[in-house]
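Biologist: Hi! I've just opened this one for the first time and would love a tour. Could you bring it up so we can look together?

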Amino acid sequence: MADTVIENINDYMLQLGRQARAASRVLLRADTAAKNAALLAMAELIEARADTLMAENRKDLEAGERNGLDAAMLDRLAFNPERLGTMAEGLCQIAALPDPVGAISDLNYRPSGIQVGRMRVPLGVIGIIFESRPNVTVDAAGLCLKSGNAAILRGGSEVFHSNRALADCIREGLDRAGLPADAVQVVGTTDRAAVGALLRLKDHVDVIVPRGGKGLIARVSEESLIPVIKHLDGICHVYIDDHADLDKAVRVTLNAKTQRYGTCNTLETLLVAESIAPRALTALKPLFDDKGVELRGCARTRAFLPDIGEATEADWQTEYLAPILSIRVVPGLDEAIEHINHYGSRHTDTIVTENYTRARRFLREVDSSSVMVNASTRFADGFEYGLGAEIGISTDKLHARGPVGLDGLTTLKYVVLGDGHVRG
């Protein structure tokens with residue numbers, strides 16, 4: 001499973017694009033039973049080939065150690081029977097989800113006698129560029145297949161052998177179900193030029209989805225000639241309103257920040273109404289201290305918590321992905337909404353309040369892909385939203401917004417049903 005020697009990257013990627021386009025047309029005719037059969041076959045193969053998959057994964061781990069990857073990164077890359085079982089279970093869960101393709105909605109008679117509705121259809125070919133976690137290979141393949149899309153997957157060089165081994169399971173699963181193996185193709189080279197070539201395949205790829213750090217997503221956004229589903233930052237907020245239940249506020253805030261630090265839906269800036277700030281901040285401070293969270297506050301925050309660090313303008317614009325939290329005391333709801341819309345990344349924001357009117361204003365006026373009332377930002381996730389696995393989070397406003405599941409990987413077209421009708 002060595003890196004494929006490719007003389008001309010552009011020609012190689014063009015061939016992948018052509019094969020994906022041809023496969024996507026076959027998938028348009030595929031029924032739900034065939035797609036589910038492929039997903040279940042993939043799951044079975046992953047479990048049956050656990051030893052082979054872990055042997056290939058060890059090659060990546062050994063290369064990572066030689067290249068100086070830290071222990072946390074190596075742990076993210078590592079396979080074990082439990083993680084492989086989770087991948088297989090994820091495919092089974094996708095198979096159990098309703099098939100969105102072909103569903104017709106809003107079918108209504110018009111005065112002319114025709115019926116007009118909208119049908120959900122695949123996007124076509126999806127290019128997915130991702131880093132580190134090899135489970136993305138399986139999740140992406142499963143979601144793209146169930147939604148009727150062909151996929152070209154380009155994983156990071158640090159998981160090259162792992163991805164190639166998983167790709168063998170995926171392609172064989174497709175073949176067992178009578179579907180084209182080219183419906184899911186894993187780029188067979190670590191050459192970084194393959195990314196640029198993929199981003200230029202506008203005649204063969206319909207959408208690009210980047211999964212990784214800010215540097216990768218920024219590069220894809222800048223270079224792609226193809227529409228991109230993405231988010232750059234997860235600068236998420238919790239606003240504790242002066243009508244908040246304090247117990248709820250403490251529970252939601254602590255979970256939003258400390259349940260996991262390195263995710264895009266983790267709390268990064270806490271906003272607190274000034275009338276409740278003394279009670280809320282003094283209740284939260286020892287809990288954050290116990291968790292080892294560094295607090296940085298505005299001048300009014302530090303008046304209540306004098307031993308914390310000073311928050312700078314840069315803090316309001318930072319996604320820490322670490323046990324660091326910036327805190328700002330604001331006069332009230334108007335200022336909280338203004339702060340979020342100015343500094344936020346349109347990802348996920350929460351208000352804690354018992355005031356129905358204020359909750360409704362927050363939901364309406366905060367310009368983010370997920371807006372919540374009395375709930376942790378950590379719920380902004382495809383699984384928690386009932387979408388099954390997700391391909392990623394989108395903070396864009398066109399096409400998909402928020403967690404992108406099966407529906408987000410499809411689009412709508414108008415369908416008209418007539419019986420010899422002509423326009424007069």
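Biologist: What volume does the largest cavity have?
Modeller: Happy to help! Keep in mind that this is a predicted model. The largest cavity has a volume of about 70 Å³.

Biologist: And how many cavities of 30 Å³ or more are there?
Modeller: The count comes to one.

Biologist: Which residues line the largest cavity?
Modeller: Its lining includes Arg-154, Gly-155, Gly-156, Ser-157 and Phe-160. Also among the lining residues are Asn-163, Arg-164, Val-186, Val-187, Thr-189 and Thr-190. By type, the lining divides into three nonpolar, six polar and two charged residues.

Biologist: Which helix gives the most to that lining?
Modeller: That is α7, residues 160-176, with three residues.

Biologist: Okay, on to pockets. What volume does the second largest pocket have?
Modeller: The second largest pocket comes out at about 240 Å³. Its lining is made of 14 residues, and those nearest the centre are Glu-131, Arg-154, Gly-156, Arg-192 and Leu-216. Two elements give two or more residues to this lining: β3 (125-130) and α9 (214-223).

Biologist: Which of the elements gives the most to the lining of the second largest pocket?
Modeller: α9 does, with three residues. Sorted by type, the pocket lining has four nonpolar, five polar and five charged residues.

Biologist: Let's switch to helix α1. Why does its end-to-end distance agree with its number of residues?
Modeller: α1 covers residues 9-27, which is 19 residues. At 1.5 Å a residue they should span 27 Å, and the end C-alpha atoms are 27 Å apart, so the two agree.

Biologist: Nice. What caps the N-terminal end of α1?
Modeller: Asn-8 does that, with a side-chain oxygen 3.1 Å from the backbone nitrogen of Asn-10.

Biologist: And which residues of α1 are buried?
Modeller: Among them are Ile-9, Tyr-12, Met-13, Leu-16 and Gly-17, and further along Ala-20, Arg-21, Ala-23, Ser-24 and Leu-27. The buried residues of α1 pack against β3, α6 (135-146), β4 (150-154), β5 (184-186) and α8 (193-199).

Biologist: Wait, an arginine is on that list. Why does Arg-21 count as buried?
Modeller: Arg-21 has 15% relative accessibility, and buried means under 20%, so Arg-21 counts as buried.

Biologist: What does the side chain of Arg-21 reach?
Modeller: It reaches the backbone oxygen of His-204 at 3.3 Å. Leaving out residues up to four places away in sequence, Arg-21 touches Gly-124, Val-125, Asp-203, His-204, Val-205 and Asp-206.

Biologist: You mentioned α6 as a packing partner. Is α6 mostly covered or mostly exposed?
Modeller: Mostly covered, with 10 of its 12 residues buried. The buried ones include Val-136, Val-138, Leu-143 and Cys-144. From first C-alpha to last, α6 reaches 17 Å, close to the 16 Å expected at 1.5 Å a residue.

Biologist: What follows α6?
Modeller: Gly-148, which has a positive phi, near 80°.

Biologist: Last one: where is Thr-395?
Modeller: Thr-395 sits in the loop between β14 (392-394) and β15 (402-404).

Biologist: Buried or exposed?
Modeller: Thr-395 is buried, with a relative accessible area of 11%. Setting aside neighbours within four places in sequence, Thr-395 is in contact with Lys-230, His-231, Ser-345, Arg-346, His-347 and Ser-369.

How values were computed. Residues are numbered from 1 along each chain as its sequence is written. Side-chain values use heavy atoms; hydrogens and water are left out. On a 1 Å grid over the protein atoms alone, a cavity is a set of points where a 1.4 Å probe fits but cannot get out, and a pocket is an open set with protein on both sides within 12 Å along at least five of seven lines; lining residues have an atom within 4 Å of a point. Grid points are joined across faces, edges and corners, and a volume is the space filled by probe spheres set on the points. Helices (H or I, at least four residues) and strands (E, at least two) are DSSP runs, numbered from the N terminus. Ala, Val, Leu, Ile, Met, Phe, Trp, Tyr, Cys and Pro count as nonpolar, Asp, Glu, Lys and Arg as charged, and the others, Gly among them, as polar. Buried means under 20% relative accessible area, exposed over 50%, partly exposed in between (1.4 Å probe, protein chains only). Contact means heavy atoms within 4.5 Å. The expected span of a helix is 1.5 Å times one less than its number of residues. A polar contact is a pair of N or O atoms within 3.5 Å; within protein, one must be able to donate a hydrogen and the other to accept it, and residues adjacent in sequence count only if both atoms are side-chain atoms.
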